[in-house]
Amino acid sequence: MNEKTTADLENLRDLIDGVDQQLLHLLRKRLDLVAQVGAVKHAAGVPIYAPQREASMLAKRRAEAENINVSPQLIEDILRRLMRESYLNEKDVGFKQVKQDLGHVVIVGGEGKLGQLFTQMLTLSGYKVNSIDKNDWQNADAIFDGAGLVIVTVPINVTCEVIADKLTQLPEHCILADLTSIKQKPLAAMLDAHKVPVVGLHPMFGSDVGSLAKQVVVVCHGREPQAYQWLLQQMEIWGARIVEAEAERHDKAMQLVQAMRHFSTFVYGLNLCKEEADIESLLQFSSPIYRLELAMVGRLFAQDPELYADIIFAQPGSQHAISDYLDNYRDALTMLKAGNRQEFVTQFQRVAKWFGDFAPQFQHESRAMLQSVNDMKAG
Ligand SMILES: O=C(O)C(=O)C[C@]1(C(=O)O)C=C[C@@H](O)C=C1
């Protein structure tokens, strides 16, 4: 670089620094306004996530961006990231307490990660929350006395046992709920153990989400839904999207959404390990999609094996789904070994037709993800 180029670049970079600093101050200003919105929402019990406001705001900003020759996607990306920050900040002010005369909440398994998250959210909403864990059962009577809501969140393989053995003497009007990732058996166990309000919940997210905004909670109704309506409303205030489902339909979907997905990820990791793949080289030669794939596989092994064993072994039906997958894999391998390229193209087209409009939709969604994977690269 000659001297003139160096000087020109330096000048321009100084100007960019100035603009970035202005952006920083504008961000501070926006965060302060959002904090005020949080306080207003908290007082009125308005949900943290406002989808209509988001949609209309994004549409307006996109149109304005186009008018001044800024990419609409750029402003959308920035605003979506800012709104993620809003969810976190608005959460800190706390939430309106929907049910003020509840009595306290007991979380069975409150020391677990999901238990801790629900403890945090309920506490932020003004409820008194007690936890009962493995070593506390000798104090059970005192802990449950006066409880208005009991939430069970213990490992799947002991859930029904804990419900049947320990939760048959709850206070009369207490609501019994669980957070297990399968629903038929725990719901049946709860209905059996407890004669009054019962509801099955499945939070479709990990405990590290930060905020519940836009996160799905599946609700399988048990008994006396009017008694726990407030709980669903409370979760909506936290930003969650409530999806009602029959326990059977939910469990069937989980065979694919959870059991088969985690099992194939597990086998993928197992295969890399047995083949002694060199992760450093894989990273070096990764395309963004492969980087994302490695992240998805690798993150599994950063977590608790017991949790995934629980999910994978929870339903015998999952074995059928996984076994069908293996059959299809084998057939596809036979096609590959036979060098049947035409058959591959035919099958590909068949699947593409079956995906229909979802295929381009998923391509569009994954493009944004791949770009952020690329953005994260440094050095
Ligand atoms: O306008 C609101 O209701 C807000 O909470 C603010 C805000 C934002 O950051 O602009 C954040 C979350 C909502 O989903 C919508 C918009």
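Let's start at the ligand. Which helix gives the most to the shell around the ligand? That is α3, with four residues. Keep in mind that this is a predicted model.

Here is the full shell. The residues around the ligand are V34, V37, Y49, A50, R53, E54, L82, M83, S86 and E90. Three elements give two or more residues each: α1, α2 and α3. On the chain, α1 covers 3-44, α2 covers 51-67 and α3 covers 72-92. How does the shell split by class? Six residues are nonpolar, one is polar and three are charged.

Now the annotation for this part. UniProt, in an unreviewed entry, places "domain: Chorismate mutase" at residues 3-94. Over that span the chain is 87% helix and 0% strand. The end C-alpha atoms of residues 3-94 are 56 Å apart.

Next, the second annotated domain. UniProt lists residues 103-366 as "domain: Prephenate/arogenate dehydrogenase", again from an unreviewed entry. Here the span is 58% helix and 14% strand. Its end C-alpha atoms lie 46 Å apart.

On to the sheet. It is open, has seven strands and shows mixed pairing. Read across, the order is β2-β1-β3-β4-β5-β6-β7. Which strands stand at the edges? They are β2, at 129-132, and β7, at 241-244. Each has a single partner strand, so one side of each is left without a neighbour in the sheet. Neighbouring strands are turned by 25° against each other on average, ignoring direction.

Let me zoom in on one strand pair. Strand β1, residues 104-108, runs parallel to β2, and four bridges join the two. For one concrete contact, take V106: its bridge partner in β2 is N130.

Last stop, a helix pair. Two packed helices are described by the angle between their axes and the distance between the axes. The pair here is α9, residues 247-274, and α11, residues 288-300. Their axes come within 9 Å and cross at roughly 95°. An angle from 65 to 115 degrees counts as roughly perpendicular. So α9 and α11 are roughly perpendicular to each other.

Which residues meet there? From α9 we have H262, T265, F266, Y268 and G269. From α11 we have M296, V297 and L300. By class, this contact has five nonpolar residues, three polar and no charged.

To recap with the two ends of the talk: the ligand shell includes three charged residues, while the contact of α9 with α11 has no charged residues.

Definitions and conventions:
Residues are numbered from 1 along each chain as its sequence is written. This is a predicted model: local features need pLDDT of at least 70, side-chain atom pairs count only at pLDDT 80 or more; totals for chains, interfaces and linings use all residues. UniProt positions are given in the numbering used here, feature names are shortened, and annotations may be inferred rather than shown by experiment. Two strands pair if DSSP finds at least two bridges between them. Axes are lines fitted to C-alpha atoms, for helices over the stretch in contact, and angles run from 0 to 180 degrees between N-to-C directions. A residue is near a molecule or strand if its C-beta atom, placed from the backbone, lies within 6 Å of it. Ala, Val, Leu, Ile, Met, Phe, Trp, Tyr, Cys and Pro count as nonpolar, Asp, Glu, Lys and Arg as charged, and the others, Gly among them, as polar. Angles under 35 degrees count as roughly parallel, over 145 as roughly antiparallel, 65 to 115 as roughly perpendicular and the rest as oblique. Two residues are in contact if their C-beta atoms, placed from the backbone, lie within 7 Å.
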